[in-house]
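Hi,

Here is the structure I promised to pass on. Have a look at it first, and then read my notes underneath.

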Amino acid sequence: MEYNTCLKHVSQDVFMSFLMKVDVENKVAVVTGGGTGIGQAISQGLSRCGASVVVGYRESMADAKETVDKIIATGGRANTFAADIGDERQVEKLMKKIKVI
């Protein structure tokens, strides 16, 4: 447990330093598994850097919704989308939705 907590913070710091070098302002970012763990940190980091975030989930709708709520509470733009990225039709549906955003 201690290792995972440490890894999450290290990964978040590394990711945020990377984001500072990439322009994501006014872009749409899709984060699969974006409601939990490192995916949640990535979702929140992308939002802090100006991206609209689509928080994808397969089963953990409550976690994805919580992540979106946190992003919106800090002034970001985000939404959830359920998809199994192993199913090509679901991925196509997700991409069509993103084109509308």
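The buried residues of α3 pack against three elements: α2 (37-48), β2 (52-57) and β3 (77-82). The residues in question are Ala64, Thr67, Val68 and Ile71. They sit on the same side of α3, because the arc they cover around the axis is only 100 degrees. Turn to the other side of α3 and you find Ala62 and Ala73 exposed.

The length of this helix works out as well. α3 runs over residues 61-73, and at 1.5 Å a residue its 13 residues should span 18 Å; the C-alpha atoms at its ends are 18 Å apart, so the two agree. After α3 comes Gly75, with a positive phi near 90 degrees.

Before going further, a word on confidence, since this is a predicted model. Mean pLDDT for the protein is 83, and 79% of the residues score at least 70. Among the elements, α3 has the highest mean, at 97, while helix α1 (residues 2-19) has the lowest, at 55. Over residues 1-7 the pLDDT stays under 50, and the model gives that stretch zero contacts beyond four places in sequence. Where pLDDT is low, the predicted coordinates should not be read in detail. I'd keep that in mind for residues 1-7, where the score stays under 50.

Now the overall layout. The protein has four helices and three strands, and along the sequence they follow the pattern α-β-α-β-α-β-α. Of the 101 residues, 36% are buried. If you take the contacts between residues at least 6 apart in sequence, 60% of them join residues at least 24 apart.

The three strands form an open sheet in the order β1-β2-β3, with parallel pairing. β1 (28-32) and β3 are the edge strands, each pairing on one side only. From one strand to the next, the twist averages 20 degrees. α2 packs on this sheet and touches β1, β2 and β3, its direction making about 170 degrees with that of β1. α3 also packs on the sheet, where it touches β2 and β3; its direction makes about 170 degrees with that of β3.

As for the pairings themselves, β1 and β2 are joined in the parallel sense over five bridges, and β2 and β3, also parallel, over six. In the β1-β2 pair, Ala29 stands opposite Val53. In the β2-β3 pair, Tyr57 stands opposite Ala82.

So how many of the residues of β2 are buried? Six of its six, which leaves this strand mostly covered. In a regular strand the side chains alternate between the two faces of the sheet. In β2, Ser52, Val54 and Gly56 are buried on one side, and Val53, Val55 and Tyr57 are buried on the other.

Three single residues show how these pieces meet:

- Ala29 lies in strand β1. Its relative accessibility is 14%, so Ala29 counts as buried, the cut-off being under 20%. Leaving out residues up to four places away in sequence, Ala29 touches Leu46, Ala51, Ser52, Val53 and Val54. Ala29 and Ser52 are 23 residues apart in sequence, yet their C-alpha atoms are 6.1 Å apart in space.

- Gln44 is in helix α2. Is this residue buried or exposed? At 19% relative accessibility, Gln44 counts as buried, because the cut-off is under 20%. Beyond four places in sequence, Gln44 touches Lys70 and Ile71. Thr74 is 30 residues away from Gln44 in sequence and 9.4 Å away in space, C-alpha to C-alpha.

- Ser47 is also placed in helix α2. Ser47 has a relative accessible area of 11% and is buried. Not counting residues up to four places away in sequence, Ser47 touches Val53, Ile71, Gly76 and Arg77.

Ile71 is worth picking out on your screen. This residue is one of the buried ones in α3, and both Gln44 and Ser47 touch it. Val53 is another to look at: buried in β2, it stands opposite Ala29 and is touched by Ser47.

Cheers

Note on methods. Residues numbered from 1 in each chain as written. Predicted model: local features only at pLDDT ≥ 70, side-chain atom pairs only at ≥ 80, totals over all residues. Heavy atoms only, no water. Helix = DSSP H or I, 4+ residues; strand = E, 2+ residues; numbered from the N terminus. Expected span 1.5 Å × (residues − 1). Buried < 20%, exposed > 50% of the residue type's maximum accessible area, 1.4 Å probe, protein only. Arc of directions from axis to C-beta. Contact = heavy atoms within 4.5 Å. pLDDT = per-residue confidence, 0-100. Pairing = 2+ DSSP bridges. Axes fitted to C-alpha atoms, helices over the stretch in contact; angles between N-to-C directions.
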